[in-house]
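Q: Could you take me through the surroundings of the two ligands in this model, along with the parts of the chain they sit against? I'd like one connected walk-through rather than a list.

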Amino acid sequence: SKGKALAKAAIKNVEKHAVLGAGIMGGGIAYQSAVKGVPTIMKDINQAALNLGLSEAAKILETGMQRGKVDAKKMASTLNNIIPTLDMNAISDADLIIEAVVENPKVKASVLKEIESTVADDAIITSNTSTISINQLAKSLEDPTRFCGMHFFNPVHKMPLVEIIRGDNTDDATISAVVAATLKMGKTPIVVNDCPGFLVNRVLFPYFAGFSKLLLDGADFSAIDKVMEKVFGWPMGPAYLLDVVGLDTADHAASVMAEGIPERMRKIENDPITLLYTNARLGQKNAMGFYNYG
Ligand code: CAA
Ligand code: NAD
């Protein structure tokens, strides 16, 4: 079977990445792998998204130069390592694929199927899903042994953690290869078991839900942010962080968790996050969320 091809190999040496989805996360992941010298295909279905992904990478590099972390040579090689494309066939020779399309189980299942039918039998396939169970996503693949979660945090170039999520059928060789690739990307891997929300989002989303409930009780979002930032000492309050995450993504993720672990999370009626999202306020990505930007 396809799985055996991978299990037999020693830890697979990953040389080329492909990132599917060039949004907030896909753009950041492509930057992070390119800056560490790995040729990285960045695939989207939308040219505007590809352009945005590339301009995000350029922006990070420019601030990196201002901060003295990046020189002109590094900037050129990083941009050179990002290969933008709308063509699925372009990922056929990648050996680590990171799926980072919208947080929708149906879209992800169909993208994962398409990936599997395009790449080599021993390529490793991962998903950057925030909350969807890896075992559930694995059902869309013929060979779940070469699949696991590879969950980055936003903003990717600043957040050190990557959760690597082991599904019931994930091979040890897959986990080892993804741990090695994470380290090569300059990040800190932790291997966790599967559950909607994994580790961090099981802590973070109940916090967001608590914030929504406070708003429904009449609290002011910017007052809560001020308290969490200036008095409690966190880098940012919940409203600002939700704008960073994206209100559409946060709303989808909260629904997936409420469905997957109802004993821990319940969908909030009239959730202000849902209301903002359905009124096309998506957060920083479209310059309007709890706050206005730009
Ligand atoms: N190029 C290269 N490296 C850079 C860089 C650049 N342009 N900009 C930053 N960095 C790196 C550097 O290593 C830098 O550290 P040093 O300068 O000390 O070497 C590090 O990133 C931190 O950069 P900053 O000094 O700008 O950091 P900061 O003090 O502004 O803090 C932060 C940044 C830690 C991200 C902080 O703002 C924070 O904690 N924000 C909250 C983020 C968060 O909670 N994210 C999770 C969202 S939820 C999620 O992602 C999961 C999900 O599934 C929805
Ligand atoms: P986003 O909305 O910024 O980007 C999604 C991108 O996927 C868009 O560019 C869209 O054009 C593209 N896309 C949609 N269908 C596609 C397809 N069939 N093939 C290729 N590309 C396609 O979303 P995001 O915030 O980057 O989130 C992406 C994934 O990462 C989600 O699963 C999300 O839960 C997860 N995630 C998000 C965060 C966060 O803070 N935003 C953090 C960690 C993980």
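A: Quick bit of vocabulary before we start: the domain bounds used here come from an automatic or database domain assignment. Keep in mind, too, that this is a predicted model.

With that in hand, let's take ligand 1. Its shell draws at least three residues from each of domain 1 (2–193) and domain 2 (201–285). In total, 20 residues surround ligand 1, and the closest are Gly64, Ser130, Phe153, Asn154 and Lys158. The elements giving two or more residues to that shell are α3 (47–66), α8 (200–216) and α10 (238–245), and α3 gives the most, with three residues. If you care about the chemistry of the lining, the shell around ligand 1 splits into eleven nonpolar, six polar and three charged residues.

Now over to ligand 2. Here 29 residues make up the surroundings, with Gly21, Gly23, Ala49, Ser130 and Asn154 the closest. Ser130 and Asn154 may ring a bell, as they are also among the closest residues to ligand 1. The elements that put two or more residues into the shell of ligand 2 are α2 (24–35), α5 (105–118) and α11 (247–260). The largest share, three residues, comes from α2. By class, you get 15 nonpolar, ten polar and four charged residues around ligand 2. Domain 1 and domain 2 both give residues to this shell, so ligand 2 lies between them.

Since α2 came up, follow the chain through it. The path goes from β1 through α2 to β2, a right-handed β-α-β crossover. β1 (residues 17–20) and β2 (residues 40–43) run parallel, joined by four bridges, and His17 stands opposite Thr40 in β2. On β2, Thr40 and Met42 point one way while Ile41 and Lys43 point the other, and all are buried. That fits the usual pattern: in a regular strand the side chains alternate between the two faces of the sheet. β2 also pairs in the parallel sense with β3 (residues 82–85), over four bridges, and there Lys43 stands opposite Thr85.

Further along there's another strand group. β6 (residues 147–152) and β7 (residues 161–166) pair antiparallel over four bridges, with Val162 in β7 as the bridge partner of Phe152. Val162 also stands opposite Pro189 in β8. β7 and β8 (residues 188–193) run parallel and are joined by six bridges. Put α7 (residues 172–184) between them and you have a right-handed β-α-β unit.

How does that sit with the record? UniProt, in an unreviewed entry, lists residues 18–195 as "domain: 3-hydroxyacyl-CoA dehydrogenase NAD binding". That span is 42% helix and 21% strand, with its end C-alpha atoms 25 Å apart. The unreviewed entry also places "domain: 3-hydroxyacyl-CoA dehydrogenase C-terminal" at residues 197–293. This second span is 59% helix and 0% strand, and its end C-alpha atoms lie 29 Å apart.

One last stop is Thr274, in helix α12 (residues 272–278). Thr274 has 19 other C-beta atoms within 10 Å, so it is partly exposed; the buried class starts at 20. The C-alpha atoms of Thr274 and Ala254 are separated by 9.8 Å, with the two residues 20 apart along the chain.

Note on methods. Residues numbered from 1 in each chain as written. Chains lettered and ligands numbered in written order. Predicted model: local features only at pLDDT ≥ 70, side-chain atom pairs only at ≥ 80, totals over all residues. Near = placed C-beta within 6 Å. Nonpolar A, V, L, I, M, F, W, Y, C, P; charged D, E, K, R; others polar. UniProt positions renumbered as here; feature names shortened; annotations may be inferred. Buried ≥ 20, exposed ≤ 12 C-beta atoms within 10 Å, placed from the backbone. Pairing = 2+ DSSP bridges. Right-handed = clockwise from strand over helix to strand, strands pointing away.
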